[in-house]
Amino acid sequence: MDLKKKLTPMQYKVTQENGTEPPFQNEFWNHEEEGIYVDIVSGKPLFSSTDKYDAGCGWPSFTKPILDEEMVEKLDTTHGMIRTEVRSKEANSHLGHVFNDGPGPSGLRYCINSAALRFIPKSELENEGYGKYLNLFQ
């Protein structure tokens, strides 16, 4: 599959070249609809709107992934910082970073680029083949 044809230039830059989209100028930073966010490349479920919150950083932030095993964490020492990069397991897409300054019991904040995600509204989960995730909203 030619990802340069499938993805927008920003989606390609973020997922394949470890890019970062601008804060507050991306599709999902303030998105509040119920549903799940899947990997733009593989379609694997990554995050639920039930775990999304406003961290004030300008990117979508989540307290946890739907399935831990779909996440791969890597040390990122670029830009003079020490961070933990988060990638999707199946497609190896760069998603964003995870930080230890989040709310809730885990204290984690998954700061994710909108360009790495496709949103599937709760009402479309069954049609799109993600019906088993409806239980996240009960």
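Q: Let's start with packing. What does contact mean here?
A: Contact means heavy atoms within 4.5 Å. Keep in mind that you are looking at a predicted model. With that cut-off, helix α2 makes a good first case: the buried residues of α2 pack against β6 (83-88) and β7 (94-99).

Q: Which residues of helix α2 are buried?
A: Residues count as buried under 20% relative accessible area. Within α2, which spans residues 9-17, Q11, V14 and T15 are buried. These residues cover an arc of only 85 degrees around the axis, so they sit on the same side of α2. Just after α2 comes N18, with a positive phi of about 60 degrees.

Q: Now the sheets. How do strands of a sheet pair?
A: The strands pair through backbone hydrogen bonds, and they can do this either parallel or antiparallel. In this model, one open sheet has 3 strands in the order β2-β1-β9, with antiparallel pairing. Its edge strands, β2 (45-48) and β9 (117-121), each pair on one side only. From one strand to the next, the twist averages 30 degrees.

Q: How many bridges join β1 to β9?
A: Strand β1 (residues 35-39) is joined to β9 by 5 bridges, and the two run antiparallel. To find the register on your screen, start from G35, whose bridge partner in β9 is P121.

Q: Is β9, an edge strand, enclosed or exposed, and why?
A: Here it pays to look at burial as well as pairing. Of the 5 residues of β9, 4 are buried, so β9 is largely enclosed by the rest of the structure.

Q: In what order do the strands of the open sheet of 6 strands lie?
A: The order is β3-β4-β8-β7-β6-β5, and the pairing is antiparallel. At the edges are β3 (52-53) and β5 (71-76), each pairing on one side only. Inside this order, 2 bridges join β4 (residues 61-62) to β8, which run antiparallel. One contact point to check is S61, whose bridge partner in β8 is C111.

Q: How should I read a nonpolar core, and which residues touch the most other members of the largest one?
A: In soluble globular proteins, nonpolar side chains tend to be buried together. The largest nonpolar core here has 16 residues, and F47, Y110 and L117 touch the most other members. Two or more residues come from each of β2, β7, β8 (109-112) and β9. Apart from this core lies another, of 8 residues, among them V38, I66, I120 and Y130.

Q: What does Y110 touch?
A: Leaving out residues up to four places away in sequence, Y110 touches F47, P60, S61, F62, T63, K64, P65, M71, E73, V86, H97 and V98.

Q: How is a pair of aromatic rings described?
A: Two values do the job: the distance of the centres and the angle of the planes. A search of the whole structure finds 7 aromatic pairs. One of them joins F28 and Y37, edge-to-face, at 5.2 Å centre to centre with 80 degrees between the planes. Y37 also forms an edge-to-face pair with F62, at 5.3 Å centre to centre and 65 degrees between the planes. This second pair links distant parts of the chain, since Y37 lies in strand β1 and F62 in strand β4, 25 residues apart.

Q: Are F28, Y37 and F62 buried or exposed?
A: F28 counts as buried because its relative accessibility is 4%. Y37 is buried, with a relative accessible area of 0%, and F62 is buried, with a relative accessible area of 0%. F28, Y37 and F62 belong to one aromatic cluster with F47, Y110 and F119.

Q: And for contrast, where is D54 found?
A: D54 is in the loop between β3 and β4. Exposed means over 50% relative accessible area, and D54 is exposed, with a relative accessible area of 64%. For a distance to try yourself, take D54 and I36: they are 18 residues apart in sequence and 16 Å apart in space, C-alpha to C-alpha.

Note on methods:
Residues numbered from 1 in each chain as written. Predicted model: local features only at pLDDT ≥ 70, side-chain atom pairs only at ≥ 80, totals over all residues. Heavy atoms only, no water. Pairing = 2+ DSSP bridges. Axes fitted to C-alpha atoms, helices over the stretch in contact; angles between N-to-C directions. Buried < 20%, exposed > 50% of the residue type's maximum accessible area, 1.4 Å probe, protein only. Arc of directions from axis to C-beta. Core = buried A, V, L, I, M, F, W, Y, C linked by side-chain atoms within 4.5 Å. Phe/Tyr/Trp six-rings, centres within 6.5 Å; stacked < 30°, edge-to-face > 60°.
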